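The following paragraphs lead through the structure shown here, from confidence to the helix, the core and a loop. Please keep the sequence and the model in view while reading.

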Amino acid sequence: RQHKIEVLGELPELKSGVVVDAMLGFSSTGALREPFATFVSKVNEAQTRGVPVVAIDVPSGWDVEGGRISEDSLKEPTTLVSLTAPKLGVRDFKG
């Protein structure tokens with residue numbers, strides 16, 4: 001509130017030229033919970049329409065060591081930006 005950042009009650013349709021996925025950290029585990037599951041679903045939908053996705057470190061919903069372990073997780077991003085070093089879970093990344 002101090003910085004007057006608007007907090008949305010729901011995620012609008014993604015029409016942007018690019019989506020940056022920096023939602024969850026690499027220590028995130030288990031199935032995606034709300035509101036993250038809805039966000040990832042909308043990002044995946046946007047990606048099928050050709051919107052490029054840049055994931056930071058580990059794509060949301062991916063396991064840091066096992067990679068994409070669920071259909072509900074983020075599809076393979078267009079670009080992956082690794083912090084410090086690439087994680088084992090993105091060893092098959094082809095972007």
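In this predicted model, confidence within the protein chain peaks in strand β2 (residues 53–56), with a mean pLDDT of 92, and is lowest in β4, where the mean is 82. The chain as a whole has a mean pLDDT of 82, and 88% of its residues reach 70 or more. Where pLDDT is low, predicted coordinates should not be read in detail.

The helix α1 (36–48) is a convenient place to begin. It consists of 13 residues and reaches 19 Å from its first C-alpha to its last, close to the 18 Å expected at 1.5 Å a residue. Buried within α1 are Phe39, Val40, Val43, Asn44, Ala46 and Gln47. Because these residues cover an arc of only 160 degrees around the axis, they lie on the same side of α1. The cover over the buried residues of α1 includes β1 (19–21), β2 and β4. Just after the helix, Gly50 adopts a positive phi of about 95 degrees.

From the helix, the description passes to the nonpolar interior. The largest nonpolar core has 13 residues, and those with the most contacts inside it are Val19, Phe39, Val43, Val53, Trp62 and Leu74. Both α1 and β2 supply at least two residues each to this core, and the largest share, four residues, comes from α1. In soluble globular proteins, nonpolar side chains tend to be buried together.

Leu74 connects this core with the loop between β4 and β5, in which it lies. Leu74 is buried, its relative accessible area being 1%. Beyond its neighbours within four places in sequence, Leu74 is in contact with Asp21, Val40, Val43, Asn44, Val53, Pro59, Ser60, Trp62 and Arg68. Of these partners, Trp62 is twelve residues from Leu74 in sequence, and their C-alpha atoms are 7.3 Å apart in space.

What surrounds Ser73 in the loop between β4 (67–68) and β5 (79–81)? Leaving aside neighbours within four places in sequence, Ser73 is in contact with Leu32, Val40, Asn44, Ser60, Gly61, Trp62 and Arg68. Ser73 is buried, with a relative accessible area of 1%. A polar atom of the Ser73 side chain lies 2.6 Å from the backbone oxygen of Ser70. Val40 and Asn44, which are among the buried residues of α1, are contacts of Ser73 and also of Leu74.

Conventions:
Residues are numbered from 1 along each chain as its sequence is written. This is a predicted model: local features need pLDDT of at least 70, side-chain atom pairs count only at pLDDT 80 or more; totals for chains, interfaces and linings use all residues. Side-chain values use heavy atoms; hydrogens and water are left out. Buried means under 20% relative accessible area, exposed over 50%, partly exposed in between (1.4 Å probe, protein chains only). A polar contact is a pair of N or O atoms within 3.5 Å; within protein, one must be able to donate a hydrogen and the other to accept it, and residues adjacent in sequence count only if both atoms are side-chain atoms. Contact means heavy atoms within 4.5 Å. pLDDT is the predictor's confidence in each residue, from 0 to 100. A nonpolar core is a set of buried Ala, Val, Leu, Ile, Met, Phe, Trp, Tyr and Cys residues joined through side-chain atoms within 4.5 Å. The expected span of a helix is 1.5 Å times one less than its number of residues. The arc is that of the directions from the helix axis to the C-beta atoms.
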